[in-house]
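Me: Can you walk me through this structure? I've got the sequence and the coordinates open and some quick questions.

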Amino acid sequence: MRRIIFLLALSLTVAGCSMKQEEVIKLVTNGESGYTIVIPQNAAPQEVRAASFLRDHIRKISGAQLPVVSSGEPLPEKVIYISSGPEIEPVDGFSVTTTGNKLIIKGGNQRGCIYAVSELLERYLGVRWYSPDYAVIPQQSSITLPAIGITGSSP
């Protein structure tokens, strides 16, 4: 009986050690980032606003300056895609996902992209808005994001 328990414990330990750890995105390290924010070539106003909103908050949090480019340019390996489209329902709905070195932010055709960025900043970076004129923005020189797979819609 002891031998069976020992073998079971050993096999669980080996299985646990061989499991792949969740991929993380090291968005900023010591105030520097290799990431670029990418928006569609003919970006809608909400896509441009969401990209600026994210870029400005990452700068305020860490000091890192992320460039914003259109998808028509050659793309680097480390990207944050921000786009909207009718496939996201409702029109203010959103999704935020990670895959490899990519952070993908999608929104419905109205304010979905902006809501997605707000959710990311609140849930993973600790930003809190208490009024239009007052927000708490934590300071940190490095930003690491876990694997993300969230969806939502307007508040």
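Reply: Sure. One definition before we start: helices (H or I, at least four residues) and strands (E, at least two) are DSSP runs, numbered from the N terminus. Also keep in mind that this is a predicted model.

Me: OK, helix H2 then. What happens to phi at Gly-63, just after H2?

Reply: Gly-63 takes a positive phi of about 90° there. H2 itself covers residues 45-62, which makes 18 residues. From its first C-alpha to its last, H2 reaches 26 Å, close to the 26 Å expected at 1.5 Å a residue.

Me: Which residues of H2 are buried?

Reply: Gln-46, Glu-47, Ala-50, Ala-51, Leu-54, His-57, Ile-58, Ile-61 and Ser-62. They sit on the same side of H2, because the arc they cover around the axis is only 140°.

Me: And what's on the face turned away from that buried side?

Reply: Pro-45 and Arg-49, both exposed.

Me: Switching to the core. How many residues are in the largest nonpolar one, and which have the most contacts inside it?

Reply: The largest nonpolar core has 31 residues, and Leu-27, Leu-54, Ile-80, Ile-82 and Ile-105 have the most contacts inside it. Several elements each supply at least two residues of this core, including strand E1 (25-28), strand E2 (36-39), H2 and strand E9 (143-145).

Me: Which element gives the largest share of this core?

Reply: H3, with seven residues.

Me: Now charges. How many salt bridges does the structure hold?

Reply: Four. One of them is in helix H3 (residues 112-125), where Glu-119 and Arg-123 lie four residues apart, about one turn of the helix. The closest N and O atoms of Glu-119 and Arg-123 are 2.8 Å apart.

Me: Is Glu-119 buried or partly exposed?

Reply: Partly exposed, because its relative accessibility is 21% and buried means under 20%. Arg-123 is partly exposed too, with a relative accessible area of 46%.

Me: What does Glu-87 pair with?

Reply: Lys-106, with the closest N and O atoms 3.0 Å apart. That pair links distant parts of the chain: Glu-87 is in the loop between strand E4 (79-84) and strand E5 (94-99), while Lys-106 is in strand E6 (residues 102-107), 19 residues apart. Lys-106 is partly exposed, at 23% relative accessible area.

Me: And Asp-56, which side chain does that one meet?

Reply: Arg-55, in a salt bridge of 3.4 Å, N to O. Asp-56 is partly exposed at 27% relative accessible area, and Arg-55 is partly exposed at 28%.

Me: Any backbone oddities? Which peptide bond is cis?

Reply: The one from Glu-89 to Pro-90, with omega near -5°. Pro-90 is in the loop between E4 and E5. As background, most residues other than glycine have a negative phi, and most peptide bonds are trans.

Me: So which residue has a positive phi although it is not a glycine?

Reply: Asn-30, at about 50°. Asn-30 lies in the loop between E1 and E2, and counts as exposed because its relative accessibility is 61%.

Me: Last one: which residues form the nonpolar patch on the surface?

Reply: Tyr-130, Tyr-134 and Val-136, with about 340 Å² of accessible area together. Tyr-130 is in strand E7 (residues 128-131), and its 57% relative accessibility makes it exposed.

Definitions and conventions. Residues are numbered from 1 along each chain as its sequence is written. This is a predicted model: local features need pLDDT of at least 70, side-chain atom pairs count only at pLDDT 80 or more; totals for chains, interfaces and linings use all residues. Side-chain values use heavy atoms; hydrogens and water are left out. Patches are made of residues with over 30% relative accessible area and no salt bridge: like charges are joined within 9 Å, nonpolar side chains (Val, Leu, Ile, Met, Phe, Trp, Tyr) within 5 Å. Accessible areas come from the Shrake-Rupley method with a 1.4 Å probe; for residues, only the protein chains shown count as cover. Buried means under 20% relative accessible area, exposed over 50%, partly exposed in between (1.4 Å probe, protein chains only). The expected span of a helix is 1.5 Å times one less than its number of residues. The arc is that of the directions from the helix axis to the C-beta atoms. A nonpolar core is a set of buried Ala, Val, Leu, Ile, Met, Phe, Trp, Tyr and Cys residues joined through side-chain atoms within 4.5 Å.
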